[in-house]
Amino acid sequence: MPQNVWSLLAFGDTGWGDELLAGASITVQLAIVSLACGLILGLILAFGRLSHWRALRWLTDVYIIFIRGTPEFLVLLLVFFGLDQVVHMAATGLGFQSGFEIPKFAAAVAGLSLIFGAYASEVFRGAYLAVPPGQIEAAMACGMSSSQVFRRIRLPQMWRFAIPGLTNLWMVLLKDTSLAAVIALDELLRQAKVASEATREPLLFYVSAGVLYLVLTGISDIVRHRLERSAQRGFAR
Amino acid sequence: MFEIAKSYLKLKIAMSDGVCAGLDPITPHLFASQCTRFIDGFIVTLELLVFSSLIGFAVAVLIVMARVSGRPLLSIPAQAYTYVFRGTPLLVQLWILYYGLGSLGEAGLGPLWPFFKEGWWVGLLTLVLNTSAYVAEILRGGIENLPRGQVEAAEACGMGWWLRMRRIIFPQALRIAWPAYGNEIILLLKGSALVSTVTVLDLMGQTRTIFARSYNLSIFLYGAILYLVMAGAITLILRFVEHRMAIPRVARKAAADPATAPTR
Amino acid sequence: MLRKLLTAAAIVAIAAFSAGGAFAEGMTIRIATEGAYPPFNGKDAAGNLVGFDVDIANALCAEMKDQCTIVAQDWDGIIPGLVANKYDAIIASMSITDERKQSVDFTDPYYSNYLRVMAKTGSGITSIDDLAGKSVGAERSTVASQWAEDNLGRSSDVKLYDTQTAAYSDLTSGRLDAMISDIYPAYDWLQSNPGYEFVADKIDINDKIAIAVRKGDDKLREAFNAAIKAIRDDGTYAKINAKYFPFDIF
């Protein structure tokens, strides 16, 4: 063991500390962007599941079953290799000889959002159905249009019901970003891998990465408690 | 013992050949030509799943006992354990144990070296540690949501802590927590795919190896289908057990009048 | 309406620019390499692409009197990128294989690859047969791993890794008794890892390394072939070779 193994974690040219933090920053960015895309996809899928058209319900059901039963790792690789081929086929189909580049970050976001969206749709659907039907009937009796009912009665209360489920999914998403290490995206785990192979100190770097992930999930936990408390405001337990 | 191991290996090869012979006429050529590889991987994943879920459950029981014991000497380490294993990604835990401890080599690990040398064992260890933390929390949720009346009645009958746990609290906690537990088993199945990053040729590992030869995307779809088959079968088994565990009186009462159902 | 017209015009313009034109002199050839396979392609401390492949690429372009831009692309996506017209050629120590020939065309070879087995010094492994019952590692999706699977799959414990460096890690930690790899990166690694050596004879798999171009891009392919012959004849190749290896690798 080198005399000062902790110096490997330093910042600057000799230490890998700054690379690890850069990786952590990519991890957070990846999670946030995937959260945004995943929430949108989740809402779309939830309405697909609640829709009147049987074909649409069936389609979204099949998609959700696929995501729930397939390892996230496999989905990510499938999206990573598939996106290039799909874009190429679409481009040649349209007549271009496209040189369009799919950055790894985008591929990772696509994969993680597709997974998050499927699970989020379940949360949204449950939240939608959990709004007491009596309130909906009362609102309609008062003469509100269906979009008013949605905006004023359903949506604010859906939020309250959806928060616990969504915060859980965020924690899972944050940890799933580590899968992008295998497609060589420079997030936290990948930086730890590069550092550990360059310095032959895997224990030091992987444990450091673990500590950084604990920090990230710890911060998320605090935010989660605040969100859940504010969502429960005014409601008797 | 060695004989049992050898005949088990032969059994696995025979099963794999048998399944593939059966699937051969009805599957596309791309799958059929690599079928034995896929099925070998399927079997490895199944083995990992069975062992890690059983051992993981046993460990989880120990952890949750410590957690709800009321003694800080036991409950604080248990809390720390679940916090760390639920707060870090499975892939990080796996690489710490495989590459991190592996770097200590024979010199550092001594008699444990034959264990850490093999990706399968390290993978099993990681899955056990990881799932036990999640299952412990799930069981804790079940225990804390038990109707208080029953626990008090048991105390009034003079049952000691261990007897209370064994007869009243634990069986019912398991029933309450069963859906969440079933969900965790499926997550364990999906997490097991990560052992392919440490040389284990499970279903994911075989899928990636086959893909690396031809770059045909359908390979991933075949792998996904096999995972779905396994997940579906497991879900059916879990539902069957849930059905058998349900107490008819409680279940009927709950169905008729939701207000009196045991609260989650 | 105007916005739609402008968007359409922009798309047509982009398509026109990115349409792969026919090869001609004075053009810019876009070349992809991996950047993770020293000493053939790697990155220096400043992040520039360097190595044997990079030098050969520049020499060939100079010979063809064309401009070269060289970009890095991860190995898994390198052929899909060529097919998708992200670049025009791959000079990344790629072996000619029948499977790859289904997706791309190859030029004449610019060097030959052998497989070699590496093990700890004093391991006692002297031939391929000695590998029976031992654990042997290789990087997944390489020629080395395919050879290992085909020839050692039954007799040895073959382990596959996502990256070459992960395999090196397990070799040094003692998990692997031996590792099979292409000879040159292994030679490079051995220079900085004195406790290990080549064992057994070199494995000749008739593995020729060539430049990959899109299927049907015959003009570019012929131009590369002529240039390869030219730099062999006039000694440019020998000079580049000598920079990296004390033996001829053609």
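## A tour of helices, disulfides, a patch and a strand

Begin by selecting helix α8 (residues 119-144) of chain B, which has 26 residues and reaches 37 Å from its first C-alpha to its last, close to the 38 Å expected at 1.5 Å a residue; the expected span is 1.5 Å times one less than the number of residues, and helices (H or I, at least four residues) and strands (E, at least two) are DSSP runs numbered from the N terminus. This is a predicted model, in which local features need pLDDT of at least 70 and side-chain atom pairs count only at pLDDT 80 or more, while totals for chains, interfaces and linings use all residues. Residues are numbered from 1 along each chain as its sequence is written, chains are lettered from A and ligands numbered from 1 in the order in which they are written, and side-chain values use heavy atoms, with hydrogens and water left out.

Colour α8(B) by accessibility, and 19 of its 26 residues turn out to be buried, where buried means under 20% relative accessible area, exposed over 50%, and partly exposed in between (1.4 Å probe, protein chains only).

Stay in chain B and select B:Cys20 and B:Cys35, which form a disulfide with their sulfur atoms 2.1 Å apart; a disulfide is a pair of cysteine sulfur atoms within 2.5 Å. The pair links distant parts of the chain, since B:Cys20 lies in helix α1 (residues 2-23) and B:Cys35 in helix α3 (residues 35-67), 15 residues apart. The torsion about their S-S bond is about -90 degrees, so this disulfide is left-handed, and both B:Cys20 and B:Cys35 are buried.

Move next to C:Cys61 and C:Cys68, which also form a disulfide, with sulfur atoms 1.7 Å apart. C:Cys61 counts as buried because its relative accessibility is 2%.

In chain C, select strand β9 (residues 178-182): five of its five residues are buried, so the strand is largely enclosed by the rest of the structure. Which strands pair with β9(C)? Two strands pair if DSSP finds at least two bridges between them. Strand β6 (residues 104-120) runs antiparallel to β9(C) and is joined to it by five bridges, with C:Arg116 opposite C:Ser181. Strand β7 (residues 135-139) pairs with β9(C) in the parallel sense over two bridges, and here C:Val136 stands opposite C:Ala178.

Finish in chain A with two cysteines: A:Cys37 counts as partly exposed because its relative accessibility is 35%, whereas A:Cys142, at 67%, counts as exposed.
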